[in-house]
Amino acid sequence: MHLTASSRSVLLSLLPGATLFLSPLAQAQQTGSPETPAAPAANSEPASPSETPANVEPASPSAPPAAVTPPAEAPKKESHWYEKIRVRGYTQFRYNRLPSFRVNEDLINDQGDRFLGKNNGFGIRRARLVLSGDVHERVSIYLQPDFASVISDQYNVAILRDWYADIYLDAAKEFRLRVGQSKVPYGFENLQSSQNRLAFDRNDAINSALKDERDLGIFFYWAPTEIRKRFKDLVDNNLKGSGDYGVVGLGVYNGQTANRPERNDNLHVVGRVTWPFLFGKQYVEVGAGGYYGRFNVTASPSTSAPYVLANGENDLVDARANLSLVIYPQPIGFMAEYNVGRGPSTGGFGDYTIDSRPLRGGYAQLMYKLDNVAGVSIIPYVRGTLYEGGKKFETNAPRYDVRELEMGVEWQILKALEVTAAYLVSDRTSSRAPYQQQRGDVTRIQLQVNY
């Protein structure tokens, strides 16, 4: 298309923006080449502002982008206490009638394994469900029922084990009060969960102090933050720790043991100190403690067994002191506890007088932790137990003479699955009248499911 000079002037006066497009064309026509610009013509003048149409505005510089307003934050949802509750637990399945060298159908242990003796097969030793959590930054709760308890001849009965609240007295949670039914801080193995313990049952010497290890009361615990973490790591790393019951534990409790009413106005008092420390590369824990109170026993005299309270007094002195040493299995481990004291007891077989009498006993256990054996961890162990003293919470407070040797191995197949097999050589007083001494061997296997 060819435009005359006059035509270009008219277009430029009407459309100022067209200059950008028409200038190169005009220059090319003047010079004959699009690459070499030509000088403007002498009579060529730019359009005056008065010639610009009124309805056309000159181009303006680009405006800065508008500031982006961030979206408003959604209101923070209020959390409820029940959203902080955690659920866990474990179940132990047992079978006690594998072949043994010396079978004795009259060998029983009602405080420990109810599946000993004749006419027993598979059984659920424990079925625990734990609900716990922080309902406030200064308050936590812990609830644990057991669905495998035994009452008379009724098995798998649900019964309360723990129901307590921890009240933290400082922000770091180093000082706390525990109120409710819980474990009484006496001994190491009493505080160690059966989920973590190697041996099938707790030893008679320490466990005879507290049936089911628990009672109703109020306890004070103190442990610095570093030691609280250490208590947790010893359990989490499957080193058979006891959990956090404080470096110092003090308390008062009813004294009649768990799930039983108080039968006198005398409260038991208890105290314990312990300290886990690193010795080279091995964790070691030493502890000591004791308690004092008066216990009200149950006597059931008969014509053939005229049980009687000495001097007619029933609130009998119940006092003990114990020492404990734990060398955690890294890989070799060792545990030992011993206690002495006085407690309600008969004088032994044929002596029907119930009085506060001396007691003594303990246990020692050697163990070795082997990791990555065919893809699993195994812990072989051997434990010896000795106890001479009464069982105050049993009818007539019979006096026991217990000597046992247990040899076993635990396979930690999965975090959720463990299997333990053990051979028990036992010489112990029967827990049923007439409380005679029984000797026998038992081969047992247990499957434990953790969840």
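How do the residues lining the largest pocket divide into nonpolar, polar and charged? In this predicted model, the split is 12 nonpolar, 16 polar and 20 charged.

Let's look at that pocket first. It holds about 1,600 Å³ of space, and 48 residues line it. If you want to find its centre, look for Arg 88, Tyr 142, Val 235, Asp 236 and Gly 243, the lining residues that lie nearest to it. Quite a few elements give two or more residues to this lining: strands S1 (86-98), S2 (122-136), S3 (139-151), S4 (154-168), S5 (175-183), S16 (399-414) and S18 (437-450), along with helix H4 (225-236). S2 gives the largest share, six residues.

Now for the second largest pocket. Here the space comes to about 970 Å³, with a lining of 43 residues. Around its centre, the nearest lining residues are Asp 110, Arg 114, Val 150, Lys 211 and Asp 212. At least two lining residues come from each of S2, S3, S4, helix H3 (204-207) and strand S9 (282-296). This time S3 supplies the largest share, with five residues. The lining divides into 11 nonpolar, 13 polar and 19 charged residues.

Here are the two pockets side by side:

| Pocket | Space | Lining | Largest share |
|---|---|---|---|
| Largest pocket | about 1,600 Å³ | 48 residues | S2, six residues |
| Second largest pocket | about 970 Å³ | 43 residues | S3, five residues |

Strands S2, S3 and S4 are worth tracing in the structure: they give two or more residues to the lining of the largest pocket, and they each supply at least two to that of the second largest pocket.

Key. Residues are numbered from 1 along each chain as its sequence is written. This is a predicted model: local features need pLDDT of at least 70, side-chain atom pairs count only at pLDDT 80 or more; totals for chains, interfaces and linings use all residues. Side-chain values use heavy atoms; hydrogens and water are left out. On a 1 Å grid over the protein atoms alone, a cavity is a set of points where a 1.4 Å probe fits but cannot get out, and a pocket is an open set with protein on both sides within 12 Å along at least five of seven lines; lining residues have an atom within 4 Å of a point. Grid points are joined across faces, edges and corners, and a volume is the space filled by probe spheres set on the points. Helices (H or I, at least four residues) and strands (E, at least two) are DSSP runs, numbered from the N terminus. Ala, Val, Leu, Ile, Met, Phe, Trp, Tyr, Cys and Pro count as nonpolar, Asp, Glu, Lys and Arg as charged, and the others, Gly among them, as polar.
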